[in-house]
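Here is a small set of exercises to work through with the model open beside you. Try each task before you read its solution.

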Amino acid sequence: MSAVCGPPQSLLVLGGTSEIALATARRLIARRTRTVWLAGRPGPALDRAAGRLAALGTDVRTVAFDALNPESHEAVLGKVFAEGAVDMVLLAFGVLGDQARDEREPLRAVRVAATNYTGAVSAGLVAARALQDQGHGSLVVLSSVAAERARRSDFIYGSSKAGLDTFAQGLGDALYGTGVHVMVVRPGFVRTGRTAHLAPGPLSTTPEQVAAAVELGLRRGSETVWVPGALRPVMSLLRHAPRALFRRLPV
């Protein structure tokens, strides 16, 4: 069977309180999505997110999910897929960390890596197998432009996203021809409540713009999506800049 391209009828969000993920869910609900699973840590934030989506007229369900507990991922995702086919899984969880503090406290850095990479590898493989077993679906992975090249200002976060990005690309190749489509989304700086304390850089974006790019990427069957699109040539140049020069750039 061919992979689902275009707005899904059913959506599973891993990271159910992510502003980007919720903006994406709202956009897809406005198209044709009728069932949404929000997977995240139980609490008021997850309940509020579910209530706001339900108010849009879709069937919203929540499930307890912890990226840092990979031993539970098969059972949690298995519960969702047992309820019926899932057209799209959006892997949207992650933490920014605090670079300066994380350098001083290695266990905090390990938590960033474990959440953004190890947890995503576990959940991504479980979701991919479930999608493959049902014969169709899309796995959309929220990466970051920070994955493209290590920067002094965020190399702990960036390295975790680089691992995730490489993993997702390889997973997409492994699933090619199976009916499962993997799409990697690389936003630049996204203006959210979580980043409100940071100064937005050039080519910054919003959750709504990322959501629009995700929808367009699904329609096109894209494997990689940059948000905004201008980041692609910019990062191509930065990726090949000599290291001595790159260190001096205000990036």
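**Exercise 1. A helix and its length**

How many Å should the 21 residues of helix 6 span, and how far apart are its end C-alpha atoms?

*Solution.* Keep in mind that you're looking at a predicted model.
- Step 1: find helix 6, which covers residues 155–175.
- Step 2: apply 1.5 Å a residue, where the expected span counts one less than the number of residues. That rule gives 30 Å for helix 6.
- Step 3: check the model, where the end C-alpha atoms of helix 6 are 30 Å apart, so the expected span and the model agree.

Now look at what surrounds this helix. Its buried residues include Ile-156, Tyr-157, Leu-164, Phe-167 and Leu-171, and charged names turn up as well, among them Lys-161 and Asp-165. The buried residues of helix 6 pack against helix 4 (99–104), helix 5 (106–134), strand 5 (137–142) and strand 6 (180–187). After the helix comes Gly-177, with a positive phi near 90 degrees.

**Exercise 2. The whole chain**

Work out what the radius of gyration says about the chain as a whole.

*Solution.*
- Step 1: take stock of the parts, nine helices and seven strands.
- Step 2: compare the radius of gyration, 17 Å, with the 18 Å that the globule rule gives for 251 residues. The two values are close, so the chain is as compact as a globular protein of that length.
- Step 3: add the box along the principal axes, which is roughly 55 × 35 × 30 Å for the C-alpha atoms.
- Step 4: see how the chain folds back on itself. Of the contacts with a separation of 6 or more, 72% are between residues 24 or more positions apart. Buried residues make up 50% of the chain.

**Exercise 3. Following the first strands**

Trace the path through strand 1, strand 2 and strand 3, and say which way the strands run and which hand the crossovers have.

*Solution.*
- Step 1: start at strand 1 (10–14). Strand 1 and strand 2 run parallel, joined by five bridges, with Leu-12 partnered by Trp-37 of strand 2.
- Step 2: go from strand 1 through helix 1 (residues 19–31) to strand 2, and you have a right-handed β-α-β unit.
- Step 3: carry on from strand 2 through helix 2 (residues 44–54) to strand 3, another crossover that is right-handed. Strand 2 and strand 3 (residues 59–64) are parallel, with six bridges, and Trp-37 sits opposite Arg-61.
- Step 4: ask how enclosed strand 2 is. Five of its six residues are buried, so the rest of the structure largely encloses strand 2.

**Exercise 4. The other hand**

Which hand does the β-α-β unit of strand 6, helix 7 and strand 7 have?

*Solution.*
- Step 1: check the pairing. Strand 6 and strand 7 (residues 224–227) are parallel and joined by four bridges, and Val-184 stands opposite Thr-224.
- Step 2: follow the chain from strand 6 over helix 7 to strand 7, and the unit turns out left-handed.

**Exercise 5. Into the core**

Which residues have the most contacts inside the largest nonpolar core?

*Solution.*
- Step 1: the core holds 33 residues, and the best connected are Leu-12, Leu-14, Phe-65, Leu-77, Val-89 and Phe-93. Helix 5 gives the largest share, eight residues.
- Step 2: zoom in on Leu-14, in strand 1. Its relative accessibility is 0%, and buried means under 20%, so Leu-14 counts as buried.
- Step 3: list its company. Beyond its sequence neighbours within four places, Leu-14 contacts residues including Phe-65, Leu-77, Val-89 and Phe-93. Leu-14 and Phe-93 are 79 residues apart along the chain, yet their C-alpha atoms are separated by 6.1 Å.

**Exercise 6. A glutamate in a loop**

Is Glu-148 buried or exposed?

*Solution.*
- Step 1: locate Glu-148 in the loop between strand 5 and helix 6.
- Step 2: compare its relative accessible area, 17%, with the cut-off of under 20%. Glu-148 is therefore buried.
- Step 3: look at what it touches: Arg-186, Trp-226, Met-235 and Arg-239, leaving out residues up to four places away in sequence.

Methods
Residues are numbered from 1 along each chain as its sequence is written. This is a predicted model: local features need pLDDT of at least 70, side-chain atom pairs count only at pLDDT 80 or more; totals for chains, interfaces and linings use all residues. Side-chain values use heavy atoms; hydrogens and water are left out. Helices (H or I, at least four residues) and strands (E, at least two) are DSSP runs, numbered from the N terminus. Buried means under 20% relative accessible area, exposed over 50%, partly exposed in between (1.4 Å probe, protein chains only). Contact means heavy atoms within 4.5 Å. A nonpolar core is a set of buried Ala, Val, Leu, Ile, Met, Phe, Trp, Tyr and Cys residues joined through side-chain atoms within 4.5 Å. Two strands pair if DSSP finds at least two bridges between them. A crossover is right-handed if, with the strands pointing away from the viewer, the path from the first strand over the helix to the second runs clockwise. The radius of gyration is taken over C-alpha atoms; the globule rule is 2.2 Å times the number of residues to the power 0.38.
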